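Here is a quick tour of a protein model, moving from the overall fold to a few spots worth a look. Have the viewer open as you read.

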Amino acid sequence: MAIRVVRLGTPRAKGEGLRIGTVRRPPRGVPKHDFATRDFYDAWLPTVAPSQEAMDIAHAAATPAQWQAFLRRYRSEMKRPDAAHAIALLAAMSHASDFSVGCYCEDEARCHRHELRKLLLAAGAVIAD
């Protein structure tokens with residue numbers, strides 16, 4: 001049992017299980033009834049997505065220092081009780097079932113899901129390679 005960290009909208013891996021969107025907004029131009037069939041997500045968990053303010057920092061980041069400012073902001077947001085609880089829940093669930101979490105960004109290294117992976121590991125999650 002494990003969590004996969006994926007790019008939403010990409011083909012699902014065999015045995016991936018439930019796909020959870022850890023994004024602030026649903027995919028643009030996609031009818032709600034098509035989210036799962038078009039490989040975006042089955043369930044939506046915006047609680048562990050960066051705030052719009054944090055995303056503004058990320059989108060404007062042109063230097064490593066500016067990207068680090070985004071990461072600090074995101075980590076701070078994930079310490080809030082609702083977000084910390086959601087991360088702990090996902091980590092616990094990873095010991096009992098296969099599922100995935102993800103975001104739309106093409107490059108995981110420049111996406112909050114890279115940091116979410118670290119937060120899940122710190123919370124004791126089992127992460128698939």
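## What packs over helix α2

Keep in mind that this is a predicted model. A good place to start is helix α2: the cover over its buried residues includes α1 (52-60), α3 (81-93) and α4 (112-122).

And which residues of α2 are buried? They are Trp-67, Phe-70, Leu-71, Tyr-74 and Glu-77. Look down the axis of α2 and these buried residues fall within an arc of 125 degrees, so they line one face of the helix. The general background is handy here: an α-helix has 3.6 residues a turn, so residues three or four places apart point the same way.

## The helix end to end

Helix α2 runs over residues 64-77, which makes 14 residues. From first C-alpha to last, α2 reaches 20 Å, close to the 20 Å expected at 1.5 Å a residue.

Ser-76 also sits in α2. Is it buried or exposed? Neither, quite: Ser-76 has 46% relative accessibility, so it counts as partly exposed, between the 20% and 50% cut-offs. Ser-76 is 11 residues from Ala-65 in sequence, and the two C-alpha atoms are 17 Å apart in space.

## The whole chain

Zooming out, the protein has 4 helices and 4 strands. Going along the sequence, the order is β-β-β-α-α-α-β-α.

How does the radius of gyration sit with that of a compact globule? For 129 residues, such a globule would come out near 14 Å, and the protein has 14 Å, which agrees. Along the principal axes, the C-alpha atoms fill a box of roughly 40 × 35 × 25 Å.

Of the 129 residues, 40% are buried. Take the contacts with a sequence separation of 6 or more: 64% of them are between residues 24 or more positions apart. As for the outside, the accessible surface comes to about 7000 Å², with 57% of it belonging to carbon and sulfur atoms.

## A buried arginine

Over in helix α4 you'll find Arg-113. With a relative accessibility of 4%, Arg-113 counts as buried, because the cut-off is 20%.

What does the Arg-113 side chain have for polar company? One of its polar atoms lies 2.8 Å from the backbone oxygen of Cys-105. Setting aside neighbours within four places in sequence, Arg-113 is in contact with Val-5, Val-6 and Arg-7, and also with Gly-102, Cys-103, Tyr-104, Cys-105, Glu-106, Asp-107 and Glu-108.

## A buried serine in a loop

Ser-94 belongs to the loop between α3 and β4 (99-103). At 0% relative accessible area, Ser-94 is buried. Its side chain reaches the backbone oxygen of Ala-91 at 2.6 Å.

Which residues does Ser-94 touch beyond its neighbours within four places in sequence? The contacts are Met-1, Ala-2, Ile-3, Phe-99, Ala-125 and Val-126.

## A positive phi

One last stop: the loop between β2 (18-21) and β3 (43-44), where Asp-39 lies. Most residues other than glycine have a negative phi. The phi of Asp-39, though, is near 65 degrees, a positive value in a residue other than glycine.

Notes: Residues are numbered from 1 along each chain as its sequence is written. This is a predicted model: local features need pLDDT of at least 70, side-chain atom pairs count only at pLDDT 80 or more; totals for chains, interfaces and linings use all residues. Side-chain values use heavy atoms; hydrogens and water are left out. Helices (H or I, at least four residues) and strands (E, at least two) are DSSP runs, numbered from the N terminus. The expected span of a helix is 1.5 Å times one less than its number of residues. Buried means under 20% relative accessible area, exposed over 50%, partly exposed in between (1.4 Å probe, protein chains only). The arc is that of the directions from the helix axis to the C-beta atoms. Contact means heavy atoms within 4.5 Å. A polar contact is a pair of N or O atoms within 3.5 Å; within protein, one must be able to donate a hydrogen and the other to accept it, and residues adjacent in sequence count only if both atoms are side-chain atoms. The radius of gyration is taken over C-alpha atoms; the globule rule is 2.2 Å times the number of residues to the power 0.38. Accessible areas come from the Shrake-Rupley method with a 1.4 Å probe; for residues, only the protein chains shown count as cover.
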